[in-house]
Amino acid sequence: MKLADLKPVAGQSKTRKRIGRGIGTGQGKTAGKGAKGQKARNHVRVGFEGGQTPLHRRLPHARGFNNDRFKKYFALVNLETLEQFDAGTVVDPDMLIEFGIIKKLESGLKVLAEGELTKNLTVKAHKFSKAAEEKIKAAGGSTELL
């Protein structure tokens with residue numbers, strides 16, 4: 001066997017399509033480019049709309065700075081919601097999820113001061129508003145940060 005005798009496996013290599021070489025090839029005349037016009041003759045850049053103001057220039061430019069990637073979302077609970085628990089109960093995020101008061105903890109639980117609280121509860125949360133903390137302590141309860 002000589003180097004000149006080596007051939008690729010049948011079906012491995014394909015002959016190049018020679019376009020624009022006469023009608024006998026089947027790729028003559030328009031050479032696979034359809035009819036006449038700019039697109040048949042040379043390259044038209046992506047996004048070119050024939051001289052009309054292109055879409056990327058018609059739309060307003062987004063400005064500003066958005067730092068939502070690091071924003072913390074808290075599950076919020078008001079004092080009026082905690083009023084349903086019996087006096088002396090320890091209220092924590094797991095209990096609130098179990099009762100269906102909150103769906104899930106995002107970055108934690110925050111207790112807000114909407115409504116009144118008359119029972120002494122031990123409330124465990126990640127954050128309290130100042131007014132909520134004062135109202136819980138005024139009702140004889142206590143707050144605990146997680």
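The paragraphs below lead through a predicted model of a protein, from its overall form to a handful of individual residues.

The protein has 146 residues, and its secondary structure consists of 5 helices and 6 strands. Read from the N terminus, these elements follow the order α-α-β-α-β-α-β-β-β-α-β, with two helices opening the series and a strand closing it. The overall dimensions deserve attention before any single residue does. For a compact globule of 146 residues one would expect a radius of gyration near 15 Å, whereas the protein has 37 Å. The C-alpha trace, laid along its principal axes, spans about 100 × 55 × 25 Å.

Burial and surface can be read against that background. Of the residues of the protein, 20% count as buried, a class that requires a relative accessible area under 20%. The exposed surface amounts to about 11,900 Å², of which carbon and sulfur atoms supply 51%. Among contacts between residues with a separation of 6 or more, 44% join residues that are 24 or more positions apart. The charged side chains number 28 positive and 15 negative, and the centres of these two sets lie 33 Å apart.

The N-terminal segment, which precedes helix H1 (38-41), offers several residues to inspect. Arginine 21 belongs to this segment before H1, and arginine 21 is classed as exposed because its relative accessibility is 55%, where the cut-off for that class is over 50%. Leaving aside residues up to four places away in sequence, arginine 21 touches Gln27 and Gly28. The C-alpha atom of arginine 21 is separated by 16 Å from that of alanine 40, which is 19 residues away along the chain.

Further along, two residues stand out for their backbone geometry. Most residues other than glycine have a negative phi. Lysine 29, however, has a positive phi of about 50 degrees although it is not a glycine, and alanine 31 likewise shows a positive value, near 55 degrees. Lysine 29 lies in the segment before H1, and alanine 31 has its place there too. Their surroundings can be set side by side: lysine 29 is exposed, with a relative accessible area of 82%, while alanine 31, at 18% relative accessibility, counts as buried.

After H1 the chain passes through a loop to helix H2 (55-58), and proline 54 is found in that loop. Proline 54 counts as buried, since its relative accessibility is 12% and the limit for burial is under 20%. Its contacts, not counting residues up to four places away in sequence, are with Gly47 and Glu49.

The next stop is the aromatic pair, of which the structure holds 1. The pair is formed by phenylalanine 85 and phenylalanine 99, with 5.3 Å from centre to centre and 80 degrees between the planes, an edge-to-face arrangement. Phenylalanine 85 sits in the loop between helix H3 (79-82) and strand S2 (90-91), and phenylalanine 99 in the loop between helix H4 (93-98) and strand S3 (109-112), so the pair ties together parts that are 14 residues apart in sequence. Phenylalanine 85 is itself buried, with a relative accessible area of 4%.

Glycine 88 also has its place in the loop between H3 and S2, but glycine 88 is exposed, with a relative accessible area of 53%. Despite that exposure, glycine 88 touches Asn120 and Leu121, when residues up to four places away in sequence are not counted. For the second of these partners, leucine 121, the C-alpha atoms are separated by 5.1 Å, although the two residues are 33 residues apart along the chain.

Toward the end of the walk comes serine 129, in the loop between strand S5 (127-128) and helix H5 (130-138). Which residues does serine 129 touch, not counting residues up to four places away in sequence? They are Lys110, Val111, Leu112 and Ala113, and among them Lys110, Val111 and Leu112 fall within the range of strand S3 (109-112). Serine 129 is buried, with a relative accessible area of 18%, a value that lies under the 20% limit.

How values were computed:
Residues are numbered from 1 along each chain as its sequence is written. This is a predicted model: local features need pLDDT of at least 70, side-chain atom pairs count only at pLDDT 80 or more; totals for chains, interfaces and linings use all residues. Side-chain values use heavy atoms; hydrogens and water are left out. Helices (H or I, at least four residues) and strands (E, at least two) are DSSP runs, numbered from the N terminus. The radius of gyration is taken over C-alpha atoms; the globule rule is 2.2 Å times the number of residues to the power 0.38. Buried means under 20% relative accessible area, exposed over 50%, partly exposed in between (1.4 Å probe, protein chains only). Contact means heavy atoms within 4.5 Å. Accessible areas come from the Shrake-Rupley method with a 1.4 Å probe; for residues, only the protein chains shown count as cover. Lys and Arg count as positive and Asp and Glu as negative; His and the chain ends are not counted. The place of a charge is taken as NZ of Lys, CZ of Arg, CG of Asp or CD of Glu. Rings of Phe, Tyr and Trp (its six-membered ring) pair if their centres lie within 6.5 Å; planes under 30 degrees apart count as stacked, over 60 as edge-to-face and the rest as tilted.
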